[in-house]
Amino acid sequence: MYTQAMDVPDGSNPAASAPDSGSPQQRAHFDATIAADGRIEPQDWMPEAYRQTLLRQISQHANSEIVGMLPEGNWISRAPSLKRKAILIAKVQDEGGHGLYLYGAAETLGTSRADMIAALHSGRAKYSSIFNYPALSWADVGVIGWLVDGAAIMNQIPLCRCSYGPYARAMIRICKEESFHQRQGFDALLAMMRGTPAQQAMVQDAVNRWWWKCLAMFGPPDADSEHSAQSMRWGIKRIGNDELRQQFIDATVPQAEVLGVTLPDPELKWNAERSHYDHGAIDWEEFRSTLAGYGPCNRERLATRVAAHENGRWVREAALAHARKQQQRNTEDAS
Ligand code: FAQ
C-alpha cells in the first residue's frame, strides 16, 4: 500500500480543518516554500484554494486511471497470444495501482476515497476525455499504449516536480510504469506493422481514430485554460497545456515514421524556424461535448464502473469483517 508518511492522525488534516486561517508565519512559510521550489507536505498549512486545486486535479487523475482500465480490460480475453495477454493483464493492474496511489495522495488533503469514488460514480467528478472512446480492434490496445500512455507520460513527468510532496512522489513511481506501458504498445504495433497488409491497415485505422483525441488529453489551449496560470504559480503544473502538447507531437512524429504509419493531419510538417512540428486545428467543440457527457462511451464507462463497484461490495465487507476479527483477537491476546 502506498503511504504518504503522514504524521497527522486518521484524516484530521490541519490544512483541511483550518482553511485560510493561517497565521502570517504560516502564510510566509507557504510562500517561501513555493518560491524556493520546496515541497508542501500534508501537515503544512496551505491556502484553501491550493488544497482545492490539488484535490480536483489529483482526484480527476485517479479517476482517469481506474476508468482507463476499462477500454483495455475489454481486450484481455481476446489478446492474440499468451504473451500479449500476460503483458496486458500486468498493464491493466498497474493502472489500478496508479489509481490507488493517487487516491492515497488525495486523501492526505482531507478527503476520503469513498467520497471521491461516489463523486465519480454520480458524474460530479471528471476523468480524462480519452477514455470515452471505444477500443474497436486489437490495434487500439497497441495505440492506447503508444499514444495514450505516451501523452500521459509527457504530461506526468513535470508532475514529478509538483510542489505538493505526496502527489510528486506518487508520480515518480507512476511514470516509471507508464514508460513500460508506452513501450509495450509500440512493440505490439511494430509486430503488426511487420505482419500482413490487413494488420497494417488495422493499425493505421486505430491511429486515425485516436490521434486527435490524444492531442486533446493535454487540456484546452492555454488561453482557455481556467486553472493553468494559477497552478503554474503554485508549482502544481510546471509546463502549460500547449507546450506539453507540442512536446508530445515533436516526440511522436519520428516514432510514427519508424512504425510506418501516417498521422492523420495533412498540416503536420516540420517548421525549421520554430524547431517544432506545425499541426492542424484540434476540434475543441468535440472535446467539450465529450466532457459534457456526450462522447461515444461516457454512459457505458460509468455504468461499468458502478457495476464493478457494486459487485465488489461483498469483498470489501468481507475484508473489513476479517480485519475487525483480527483486531479483536489481537486485543484479546494482549489482555
Ligand atoms: N479530460 O484549466 P484546465 C492516463 C478539464 S492518465 C477531461 O487546463 P487543469 C493513464 C479540467 O479538468 C490521464 N477533462 O485544467 C492511463 C478543467 O475542468 P474542471 C489523465 C479535462 O487541471 C493511460 C477544465 O477542463 N491525466 O491516461 C481534460 O489545469 C492508459 C479546464 O482545463 C491527468 O489527469 C481532459 N483531457 O489541466 C490510464 C494528469 N483537459 O476541473 C489507462 C493530471 C482539461 O475545472 C490507460 N492532470 N480538462 O471542472 C493534469 O495535468 C491537468 O488536470 C490537465 C488539465 C492537463 C488534464
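**Exercise 1.** Determine whether Trp 138 is buried or exposed, and describe its aromatic partner.

*Solution.* Trp 138 has a relative accessible area of 12% and is therefore buried (under 20% relative accessible area, with exposed meaning over 50% and partly exposed in between, for a 1.4 Å probe and protein chains only). This is a predicted model, in which local features need pLDDT of at least 70 and side-chain atom pairs count only at pLDDT 80 or more, while totals for chains, interfaces and linings use all residues. Residues are numbered from 1 along each chain as its sequence is written, and side-chain values use heavy atoms, with hydrogens and water left out.

Next, take the partner: Trp 75, buried at 9%, forms an edge-to-face aromatic pair with Trp 138, at 6.4 Å centre to centre and 65 degrees between the planes (rings of Phe, Tyr and Trp, the last by its six-membered ring, pair if their centres lie within 6.5 Å; planes under 30 degrees apart count as stacked, over 60 as edge-to-face and the rest as tilted).

Finally, Arg 78 lies over the face of Trp 75, 3.9 Å from the ring centre (CZ of Arg or NZ of Lys within 6 Å of the ring centre and within 35 degrees of the ring normal).

**Exercise 2.** Find which residues ring pairs link into a cluster, and characterise one pair among them.

*Solution.* The cluster consists of Phe 30, Trp 45, Tyr 50 and Trp 234, linked by ring pairs; the structure holds nine aromatic pairs. Phe 30 and Tyr 50 pair edge-to-face, with 5.0 Å between centres and 75 degrees between the planes. As for burial, Phe 30 has 2% relative accessibility and so counts as buried, and Tyr 50 is buried at 0%.
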